[in-house]
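Biologist: I am new to this structure and should be grateful for a close look at a single part, the surroundings of the ligand. Please relate that part to the rest of the chain as you proceed.

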Amino acid sequence: MKHNFNEYINRAGTGSAKWDCFESQYPGLDARGCLPMWVADMDFKAPQAVIDALVEKAKHGVYGYPKPKGVSFDRAVQNWIYKRHGWNLEGKWIVPTAGVVPAITYAVQALTHEGEGVIIQPPVYYPFKNIIQKNKRKVVENPLKFDELTLTYQMDFEDFESKVKDPNNKLLILCNPHNPVGRVWAKEDLLRLGELCLANGVTVFADEIHSDLIFKGFKHTPLGMLDNSINQNTITAYSASKTFNLAGLQTAAIIIPNKEIRHKYREQLAINSAGSINIFGTIALEAAYNHGEEYLADLLAYVEANVDYAIAYAEKHLKGVRIIKPQGTYLVWIDFRGTGLSADEIDALIIEKAKIAVDLGRWFGKEGAGFMRFNFACHRSTLEKALAQLKAAIETI
Ligand SMILES: Cc1ncc(COP(=O)(O)O)c(C=O)c1O
C-alpha cells in the first residue's frame, strides 16, 4: 500500500465541519463528546500529488483570478472518466462549477419553474429535497423498495411511471451510486429509467459524485453513456471531492452534452454570478485525476476492509443491528429496527448512549427512520471505538 491510510490524523479543532460542528446537528439530543462519523468527507489525507500541486501554487504567492476553464482541466476530466467508466466526453460538454450541490440548484432553477415537480428517490441525500423546497418547486417522491430478506434496495418502477407521466414533473435527480443506501444502479435499471424520462419530457440530473467509489464485483454505469438520446437528456455531475477528500475546495465538473440545456445552465450560472471556480480547486482536481489511480485502489481496499470488519463484528456483538453492505460509496446504511426500539429511541441510543455523531436515517426521508448512515472513511481505530461504544449501548437495552 503506497498511501498510508493507517496514519491517524487528528482533525479536531482544525475547522472541520465533521469534527467541530456536530453538537448542534441533533436538536433535543445531547451530542456532546460524540465520535464524528457523519458528513461525507474522509479522515485521510489527500494524495501526495495533490498536496504537492497545492503547495507549489501556494508558494507562487499570487492568487489572482484564474483563466476560464483550461484545456488541462478538460483533459484531466476526460481521461479520468474514460479510464474509470469508458465514457468519451467532449470538452465542450464540461462546465466547471463550484460544487455538485450548487450545480443541482442551478439545474433546478434553469430547467424548472416554481410549482413544477422534481422527482427524487428517498431515502436519499437530503440536500436534494432542500434545494427543491427552497426554490419553491414541488418535491415528488418515488421511494425505493427495501427487500428485508436480501437487504437490498430497488427502484419502484410502477410508482415511477405514474410520477414521470405527470406533465407537471420536469426533472429527476438521480443518485448513482445511491447515498445513503450504497446501491450501484444496474445498467438495465438505468436504461429503463432513462427511457421513461425521455419519453415523458423529464430531464435527468445524474449525481455521480460517488462513482469512483465502487467495491469489488460492481461496476458503475454513467447514465449519459447509455445511448445518444439519453445522453442528450442528461446532466451528469462528477467531482474529485469524495474520492480524494477535496470537498473543502468546492470544485465539480458538470457534464452537459445537450447544447440547449448547456446554454440554459450557463445562463443560470450568469444569473447567480457563479461562473468562476477556485484556483486551488482546479489545481487539486487536475492533480487528483492525473495521478490518483493508485491512491483510489488503496482507499477502496482500506474502506472495504473496514466494512467487512464491521459486518463481522455486528454479527457477533450487535444484536438487532443489520449492516447493509454497500456496493459503492464509503457511507454505510445500518438498520437498527431489530433492536425493538422506536425510531426516536434509536436516535437517542446512537447519539446519547453510543455517543456517535452519525447522519440520522430520517434526515434522508421518512423511509430512513430506524436506520443510520455511518461514514466508514475513517481510521480503523475510530471504527473500532465506535463499534465498542455501540456494543455497550445496545447491551443496555
Ligand atoms: C450524492 C451527493 N451529492 C453531492 C454531494 C456534495 O457535493 P459538493 O460538496 O460538491 O456540493 C454529496 C456529499 O456528501 C453527496 O453525497
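**The ligand and its surroundings**

Modeller: Pro177 lies in the loop that runs between strand S7 (169-175) and helix H7 (187-199). The model is a predicted one, and in it the peptide bond that joins Asn176 to Pro177 is cis, with omega at about -5 degrees. This stretch is a useful place to begin, for Cys175 and Asn179 are among the residues around the ligand.

The remaining residues of that shell are Ala40, Gly99, Val100, Val101, Pro102, Tyr125, Asp207, Ile209, His210 and Lys242. Sorted by class, the shell comprises 7 nonpolar, 3 polar and 2 charged residues. Helix H4, which covers residues 100-111, gives the most to this shell, contributing 3 residues.

Three polar contacts may be described individually. In one, a nitrogen atom of the ligand lies 2.5 Å from an N or O atom in the side chain of Asp207. In another, the side chain of His210 has an N or O atom 2.7 Å from an oxygen atom of the ligand. Val100 takes part through its backbone: a polar backbone atom of Val100 is 2.7 Å from an oxygen atom of the ligand. On its own the ligand has 400 Å² of accessible area, and the protein covers 90% of that area. The space that the ligand takes is the largest pocket.

A second cis peptide bond is found between Pro122 and Pro123, where omega is about 0 degrees. Pro123 belongs to the loop between strand S3 (117-120) and helix H5 (127-134). Tyr125, a residue of the ligand shell, has already been listed.

Two further loops hold residues with a positive phi. Gln250 is not a glycine, yet its phi is positive, near 45 degrees; this residue is placed in the loop between helix H9 (241-244) and strand S10 (252-255). Lys355, which is not a glycine either, has a positive phi of about 60 degrees, and its loop connects helix H13 (343-353) with strand S13 (356-357).

As for the chain that holds the ligand, the protein has 14 helices and 15 strands. Its radius of gyration is 21 Å, close to the 21 Å that the globule rule gives for 397 residues, so the chain is as compact as a globular protein of that length. The C-alpha trace spans about 60 × 55 × 40 Å along its principal axes.

Definitions and conventions: Residues numbered from 1 in each chain as written. Predicted model: local features only at pLDDT ≥ 70, side-chain atom pairs only at ≥ 80, totals over all residues. Heavy atoms only, no water. Near = heavy atom within 4 Å. Polar contact = N/O pair within 3.5 Å; in protein donor to acceptor, adjacent residues only side chain to side chain. Areas by Shrake-Rupley, 256 points an atom, 1.4 Å probe, with all protein chains shown as cover. 1 Å grid on protein atoms, 1.4 Å probe; cavity = no way out; pocket = protein on both sides within 12 Å on 5 of 7 lines; lining within 4 Å. Sits in = over half its atoms within 2 Å of the grid points. Helix = DSSP H or I, 4+ residues; strand = E, 2+ residues; numbered from the N terminus. Nonpolar A, V, L, I, M, F, W, Y, C, P; charged D, E, K, R; others polar. Rg over C-alpha atoms; globule rule 2.2 N^0.38 Å.
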